[in-house]
Amino acid sequence: MKLQKIINICGTIELLSGLHIGAGDVALEIGGLDQPIIKHPITGEPYIPGSSLKGKIRSLLELRYGRIGSNEGPCDCGKEDCLICKVFGVGASANKATSIGPTRLLVRDSFMTKKWKIDFKNGELPLEIKYENTINRITGTAEHPRPLERVPEGVKFKFDMSVRIFEEDDEDTILKFVKQGMALLELDALGGNGSRGCGHIKFEEIKVIKDNEEQEEKNLSSYLSLNLM
Ligand SMILES: [Zn+2]
């Protein structure tokens, strides 16, 4: 297998609504938030882990193409013609020999753009606390408010991904697939509580750099009209 080229896709992600990417197993402080967001261990800045971005794009494409794996998990077929497995990698649970080679898509962590980093450092970017209530169906009153931490709407992050193209790969097909996944994500949501309005994002200033030539992508939604409708 010969690596032919690496294509870089980068740009910004703008939050159109508050973003909640949970920190997971963070020890609960007494009186602290029970739903904190993930933050950089040194700077304390919120960021978007590459795994969250990649995982969400993958799962949307799996749904779009009806390729859900065994036990409703990620596709783990490992088949030569499965773009999900080729582009995103064979599920760890697959444990089978496959000839599809290395994962084609690499997604790096997205950090805030310079302006927002400075604001955050100066304490001018307060993270938002949203209270989520459970509504008692009988009395109609709100109960058990749970504080949910979010990065507020309007904040911008820099995203950066690389697509590895091997000699026998169809470059256009793979690139189109990745862009289609990004377009689906704009229509869906990133992070938690998407069905309650969190995580609405937009990819902007998208640059696709191949063969050292920069190419601007104006509009992802054109991929949707071409490929989905
Ligand atoms: Zn597969």
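Start by selecting Asn193, which is found in the loop between helix H4 and strand E7 (201-210). The model on screen is a predicted one. Asn193 is not a glycine, yet its phi is positive, at about 60°. Is Asn193 partly exposed or buried? Asn193 counts as partly exposed, because 19 C-beta neighbours lie inside 10 Å, and a residue needs 20 or more to be buried.

Move on to strand E7 and pick Glu205, which lies in that strand. Glu205 also has a positive phi without being a glycine, and the value here is near 45°. Glu205 has 14 C-beta neighbours inside 10 Å and therefore counts as partly exposed.

**Helix H4**

Now select residues 171-187, which form H4. The 17 residues of H4 should span 24 Å at 1.5 Å a residue, and the end C-alpha atoms of H4 are 25 Å apart, which agrees. Colour the buried residues of H4: Ile174, Phe177, Val178, Lys179, Gln180, Gly181, Met182, Ala183, Leu184 and Leu185.

**Helix H1 and its contact with H4**

Keep H4 visible and add residues 50-64, which form helix H1. At what angle do H1 and H4 pack? The angle is about 95°, and the two axes are 9 Å apart. Angles of 65 to 115 degrees count as roughly perpendicular, so H1 and H4 are roughly perpendicular to each other. To see the contact, show the side chains of Lys56, Ile57, Leu60, Leu61 and Arg64 on H1, and those of Phe177, Gln180, Met182, Leu184 and Leu185 on H4, where Gly181 also takes part. Sorted by class, this contact has seven nonpolar, two polar and two charged residues.

Stay on H1 and check its length. H1 has 15 residues, and the distance from its first C-alpha to its last is 21 Å, close to the 21 Å expected at 1.5 Å a residue. The buried residues in H1 are Ser52, Leu53, Lys54, Lys56, Ile57, Arg58, Ser59 and Leu61. Which elements cover them? The cover includes helix H2 (83-88), strand E2 (105-107), strand E6 (156-166) and H4.

**From H1 towards H2**

Step just past the end of H1 to Gly66, which takes a positive phi of about 60°. Next select Ile68, in the loop between H1 and H2. Ile68 has 15 other C-beta atoms within 10 Å and is therefore partly exposed. Leaving aside residues up to four places away in sequence, Ile68 touches Glu62 and Cys75. Draw a distance from the C-alpha atom of Ile68 to that of Ile84: the two residues are 16 apart along the chain, and the separation is 9.8 Å.

**The largest nonpolar core**

Ile84 leads to the last stop. The largest nonpolar core has 42 residues, and Ile84, Val87, Leu105, Val163 and Val178 touch the most other members. Strand E1 (3-15), H1, H2, E2, E6 and H4 each supply at least two residues of this core. Which element gives the most to this core? H4 does, with seven residues.

Finish by centring the view on Val163. Apart from residues up to four places away in sequence, Val163 touches Ile7, Ile9, Arg104, Leu105, Ile174, Leu175 and Val178. Of these, Ile174 and Val178 were among the buried residues of H4 coloured earlier.

Definitions and conventions: Residues are numbered from 1 along each chain as its sequence is written. This is a predicted model: local features need pLDDT of at least 70, side-chain atom pairs count only at pLDDT 80 or more; totals for chains, interfaces and linings use all residues. Axes are lines fitted to C-alpha atoms, for helices over the stretch in contact, and angles run from 0 to 180 degrees between N-to-C directions. Helices (H or I, at least four residues) and strands (E, at least two) are DSSP runs, numbered from the N terminus. Angles under 35 degrees count as roughly parallel, over 145 as roughly antiparallel, 65 to 115 as roughly perpendicular and the rest as oblique. Two residues are in contact if their C-beta atoms, placed from the backbone, lie within 7 Å. Ala, Val, Leu, Ile, Met, Phe, Trp, Tyr, Cys and Pro count as nonpolar, Asp, Glu, Lys and Arg as charged, and the others, Gly among them, as polar. The expected span of a helix is 1.5 Å times one less than its number of residues. A residue is buried if 20 or more other C-beta atoms lie within 10 Å of its own, exposed if 12 or fewer, and partly exposed in between; C-beta atoms are placed from the backbone. A nonpolar core is a set of buried Ala, Val, Leu, Ile, Met, Phe, Trp, Tyr and Cys residues joined through C-beta atoms within 7 Å.
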